[in-house]
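Please open the structure in your viewer and keep the selection panel at hand, since each stop on this tour begins with something to select.

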Amino acid sequence: MTEIYPTIAQCAIVATAFKILLFPAYKSTDFEVHRNWLAITNSLPLWEWYYEKTSEWTLDYPPLFAYFEWILSQVAKLADPAMLRIYNLGYDSWETVYFQRFTVIVTELMLIYALQLFVDSSHGVTKRAAQAAAISVFLSPGLLIIDHIHFQYNGAMYGILILSLVLARQKSGLLASGFVFAALLCMKHIYLYLAPAYFVYLLRTYCLSSKSIFHIQYLNCVKLASGILGIFGVAFGPFAVKGQIPQILSRLFPFSRGLCHAYWAPNVWAVYSFIDRVMISVAPKIGLPVKMEAVNSVTRGLVGDTAFAVLPEITPRMCFVLTLLFQVIPLVKLFVRPNWDAFIGAVTLCGYSSFLFGWHVHEKAILLVIIPFSLIALKDRRHLGAFRPLAVSGHVSLFPLLFTPSEFPIKTVYTIFWLILFLMLFDRMAPASRRPRFFLFDRFTSLYITVSIPLIAYCSLLHPIIFGKSYEFLPLMFMSSYSAIGVIGSWIGFMVVYFTSVD
């Protein structure tokens with residue numbers, strides 16, 4: 001078959017050259033977080049990793065990621081041994097910066113491999129669409145902003161996720177898919193949000209007979225369970241022997257943090273917080289009480305409990321119940337009709353639910369929704385219609401992560417160029433749906449995208465000119481609330497598409 005151009009490898013070469021130019025760019029505290037983890041895993045015995053707290057940036061990822069940091073530290077000592085000293089807090093020599101930046105690029109090979117596997121698993125007309133979707137993921141502004149400027153290893157992690165999703169496309173790959181996802185959970189626990197979709201899909205397609213759900217395939221159940229237990233055993237076993245599992249869990253799930261992160265992630269609670277801020281002025285006029293101790297709490301949730309001035313308080317249990325409820329709804333369809341498209345849709349909707357209703361959600365978690373959705377966004381025009389507002393709102397919501405003037409043109413120009421290029425390309429490639437599109441939702445999408453440009457201009461350029469350092473919370477609140485409307489609208493639209501699609 002004739003190769004489709006540009007290839008993922010060609011795009012990777014050009015993108016890598018651009019990413020190298022970003023080595024001196026702004027880096028967040030996450031850069032120091034990972035440098036500290038290199039030092040911890042290299043300098044201390046295994047049993048002390050999850051107790052070390054010289055730095056405030058303690059190790060709070062699962063053990064497989066800690067092992068990954070240990071492997072990197074063996075190479076890091078060749079670049080600059082000083083970066084591996086625990087008490088060398090905030091150390092950022094140019095050797096350290098270049099080494100850590102370079103490891104992000106190298107580990108993205110996992111993403112390249114998984115995306116190429118996704119393209120190769122597609123056939124006919126859908127192969128070209130898969131190629132476009134794969135390139136859009138690799139060149140994602142989200143990965144550029146979060147990994148190559150802000151600093152994290154999401155490219156490698158999402159590469160493992162996509163590999164697991166693609167393996168599940170064929171019946172022969174179901175067992176391997178479960179194992180790969182189990183390994184991913186042992187590297188970064190945020191992917192637990194997607195686990196219900198995996199559980200239902202593997203249960204229905206691998207553990208139960210395709211002829212009858214009452215016919216259990218016991219051998220498959222044993223193979224799947226033993227393999228997953230083995231992976232978790234390798235990851236957590238050494239710590240379990242020392243009785244350290246409670247300590248690890250306290251690091252992985254710090255429920256003492258508030259409902260909202262320092263910058264409100266664009267979810268239901270961002271809208272809830274915005275309404276609470278508005279109600280502070282309205283409440284006295286309609287006789288509602290106002291908690292004065294919460295009035296001055298603007299970026300609530302960095303640490304400690306979240307406090308609302310007028311609206312009722314939200315608890316972790318309420319978040320859990322709402323998240324689980326809205327995850328169960330699409331899982332019912334997945335159980336009844338367990339095909340690969342329904343599986344990717346359920347994974348996406350599980351990501352939506354956890355992002356929209358979860359406790360202390362980070363804005364970076366929007367990639368849990370964008371990346372799996374990208375794999376099926378070109379299925380038809382109704383899927384694309386639900387994807388558009390997510391692509392805009394999800395990427396725009398990441399802008400506050402880069403607040404330095406020198407990074408403003410990079411994040412803005414790159415994101416706008418990506419949105420124009422891929423949304424126009426997707427619009428040309430997406431086939432017509434066998435079901436009618438939603439006129440009002442299409443109008444909402446067009447209006448929503450139109451508003452994004454003046455909003456970005458105001459929040460990034462005009463507000464400082466007009467107000468100086470006054471009302472510094474307003475741009476963040478506007479950006480978060482605007483993005484939340486897009487994510488919520490996209491979620492509602494995709495829920496309708498998911499349940500009305502003809503598989």
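The tour below goes through a few helices, the contacts between them, and some single residues.

Before selecting anything, keep in mind that this is a predicted model.

**First stop: H8 and H9**

Select residues 154-167, which form helix H8, and then add residues 174-185, which form helix H9. If you turn the view until both can be followed along their length, you are looking at two helices whose axes lie 7 Å apart and which pack at an angle of about 160°. Angles over 145 degrees count as roughly antiparallel, and H8 and H9 are therefore roughly antiparallel to each other. The crossing in which H8 passes H9 is left-handed.

Now show the side chains where the two helices meet: on H8 these are Met157, Ile160, Leu161, Leu163, Ser164 and Leu167, and on H9 they are Leu174, Ala176, Ser177, Val180, Phe181 and Leu184. Sorted by class, this contact has 10 nonpolar residues and two polar ones, with no charged residue.

**Second stop: H8 and H17**

Keep H8 in view, hide H9, and select residues 367-374, which make up helix H17. The axes of H8 and H17 come within 11 Å and cross at roughly 40°, and the two helices are therefore oblique to each other. The crossing of H8 and H17 is right-handed. Which residues make the contact between H8 and H17? From H8 they are Tyr158, Ile162 and Leu165, while H17 brings Leu367, Leu368, Ile371 and Pro372. By class, the contact of H8 with H17 holds seven nonpolar residues, and neither polar nor charged ones.

**Third stop: two residues with positive phi**

Select Phe151, which lies in helix H7, residues 141-151. Although Phe151 is not a glycine, its phi is positive, at about 95°. Is Phe151 buried or exposed? Its relative accessible area is 0%, so Phe151 is buried.

Next select His360, in the loop between helix H16 (340-357) and H17. His360 also has a positive phi without being glycine, with a value near 50°. Residues under 20% relative accessible area count as buried, and His360, at 10%, is therefore buried.

**Fourth stop: Ser483 and Ser397**

Move on to Ser483, which is found in helix H21, residues 473-500. Ser483 is at 0% relative accessibility and so counts as buried. Leaving aside residues up to four places away in sequence, Ser483 touches Pro266, Ser393, Val396, Ser397 and Tyr448.

From that list, select Ser397, which is in the loop between helix H18 (381-396) and H19. With a relative accessibility of 0%, Ser397 counts as buried. To see how far the model extends from here, add Gly243 and draw a distance between the two C-alpha atoms: Ser397 and Gly243 are 154 residues apart along the chain, and these atoms are separated by 41 Å.

**Last stop: H19**

Finally, select residues 408-429, the 22 residues of helix H19. From its first C-alpha to its last, H19 reaches 31 Å, which is close to the 32 Å expected at 1.5 Å a residue. To see which part of H19 is covered, color its buried residues, which are Lys411, Thr412, Tyr414, Thr415, Trp418, Leu419, Phe422, Leu423 and Phe426.

Methods
Residues are numbered from 1 along each chain as its sequence is written. This is a predicted model: local features need pLDDT of at least 70, side-chain atom pairs count only at pLDDT 80 or more; totals for chains, interfaces and linings use all residues. Side-chain values use heavy atoms; hydrogens and water are left out. Helices (H or I, at least four residues) and strands (E, at least two) are DSSP runs, numbered from the N terminus. The expected span of a helix is 1.5 Å times one less than its number of residues. Buried means under 20% relative accessible area, exposed over 50%, partly exposed in between (1.4 Å probe, protein chains only). Axes are lines fitted to C-alpha atoms, for helices over the stretch in contact, and angles run from 0 to 180 degrees between N-to-C directions. Angles under 35 degrees count as roughly parallel, over 145 as roughly antiparallel, 65 to 115 as roughly perpendicular and the rest as oblique. A crossing is left-handed if the near helix is turned anticlockwise from the far one by less than a right angle, and right-handed if clockwise. Contact means heavy atoms within 4.5 Å. Ala, Val, Leu, Ile, Met, Phe, Trp, Tyr, Cys and Pro count as nonpolar, Asp, Glu, Lys and Arg as charged, and the others, Gly among them, as polar.
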